[in-house]
Amino acid sequence: MDPSPGLQRRPAAAAAAALRGEGAEPPRGQRVLHGDIDPPPRARPAVQKLAIAAIVVLGCLQFLPATHFRDPADPQRNWIPFDRSRNPVDLPDEVGSVNVFSWISCLDLRTLAVLTNSTISSSSDPHNISFNFLIPERGTDKSPYYKLKAVLPDSNVTVASQKKIEDKLNVATPEGNLFWSFPNELSPIIIGTTQFSQKRYVYISADSIVKGKIEDLGRIDLGTYAIAAVEDCTKRIGDYVSIDVLNAVQKTAPKNLVYTEPYDKDACLLDFDVLVVEPRKLRKDLIDSIMVWFRAFSLANPRDQIRLAVTLALYDNYLKLPSNWKRADANSDILNYNGPKNVCSEGGRQLQEEGNGDEWQLYLDQKSLAVLS
């Protein structure tokens, strides 16, 4: 018996419908959308507003002050709350590093170790202090660095040869000759003018014990000045030269190398034990200005002469540091190193000078002393 014509037509009709995308049974739980018939689904207005509000709130949270931080040295990466007892403006400065430079003409690792240990012992952020010591040329001998690291393994210390300064400053020039005659007085400035360091640095005399917080100097606002220094008011300009001589030099010297206003004979001389230097702001002709004043007069003590020349070259163009950074008494933020040390004679021989105090022993034990001696 032949199937009915209606049954024969159903498969054909179903196939045609399938080609047109019609009549196919969708899988269970799914809905078939027809792009040419059904409109796209629309988000509910309330959901849209809620999403926008969440984005705005999260964005505003980014402007709130941080409450916790992670110490990169912590292997467990624990969250540590900020100490809000401090002034909030001090927090960014704790992150920045302080670069300390020091020049030593007669190498003695004991003085450098005491300078390093006293500085980090007095600091509230010792891991962000780096020490850069410029020592006499020793060829390929790296032992000074390794000895310092053996005694102070957690310190950030670099040791460089003074020859690097010599390479940058032609010793055959008058400027070079002047520098090598007074390296202790001029090295704080030469380090910056020769671009040996392009970052702000704090210069500390090598024979120092630091009791204050060095980061207070590292983050000081210099304003438009390139140098911050302590004044030594036990010595004044008028003690060494008359105002008439100053006025005569001022009239004859190139105007860009001298101060244009009258000098004050009661102005204090600069102290060279502690300076803060911003190399990018240093005058290109600063050494020329120092040379003008150094040649203008002759004093019995050449070191007084160079100190006076630097003071006049920087006259009214430096930031005055607090007086507690001037070596004075036990309450000062910087003291004289009072332990045994090497002293170099004119012929280059090293002599041993006995100490006259025991403050240095707080920062150097006997075991370390044996390594460094």
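Me: Which residues form one aromatic cluster with Tyr-259?
Reply: Glad you asked; this is a predicted model, where local features need pLDDT of at least 70, side-chain atom pairs pLDDT 80 or more, and totals for chains, interfaces and linings use all residues. Residues are numbered from 1 along each chain as its sequence is written, and side-chain values use heavy atoms, without hydrogens or water. Rings of Phe, Tyr and Trp (its six-membered ring) pair if their centres lie within 6.5 Å, with planes under 30 degrees apart stacked, over 60 edge-to-face and the rest tilted. The cluster joins Tyr-259 to Tyr-263, Trp-293 and Tyr-315.

Me: How many aromatic pairs are there, and what is the angle between the planes of Tyr-145 and Tyr-146?
Reply: By this rule, the count comes to nine aromatic pairs. The rings of Tyr-145 and Tyr-146 lie 5.3 Å apart, centre to centre. They are edge-to-face, with the planes at 70 degrees.

Me: How far apart, centre to centre, are the rings of Tyr-263 and Tyr-315?
Reply: Tyr-263 sits in the loop between helix 10 (243-252) and strand 9, while Tyr-315 sits in the loop between helix 12 (302-313) and strand 10. Helices (H or I, at least four residues) and strands (E, at least two) are DSSP runs, numbered from the N terminus. The chain positions are 52 residues apart. Even so, the two rings form an edge-to-face pair, with 65 degrees between the planes and a centre distance of 4.7 Å.

Me: Why does Tyr-263 count as buried?
Reply: Buried means under 20% relative accessible area, exposed over 50%, and partly exposed in between (1.4 Å probe, protein chains only). Its partner Tyr-315 is buried, with 14%. Tyr-263 counts as buried because its relative accessibility is 7%.

Me: Which residues in helix 11 meet helix 8?
Reply: Contact means heavy atoms within 4.5 Å. Helix 8 contributes Leu-186, Ile-189, Ile-190 and Thr-193. Not counting residues up to four places away in sequence, Ile-227 touches residues including Ile-189, Leu-275 and Leu-286. On the helix 11 side, the residues that meet helix 8 are Leu-286, Ile-287 and Ile-290.

Me: What is the order of the open sheet of seven strands?
Reply: Two strands pair if DSSP finds at least two bridges between them. Strand 5 (156-161) and strand 10 (319-320) are the edge strands, each pairing on one side only. The pairing is mixed, and the order is 5-4-3-6-9-8-10.

Me: Which residue in strand 9 is the bridge partner of Tyr-203?
Reply: Strand 6 (residues 201-204) pairs with strand 9 (residues 268-277) over four bridges. The sense is antiparallel. In strand 9, the partner of Tyr-203 is Leu-275.
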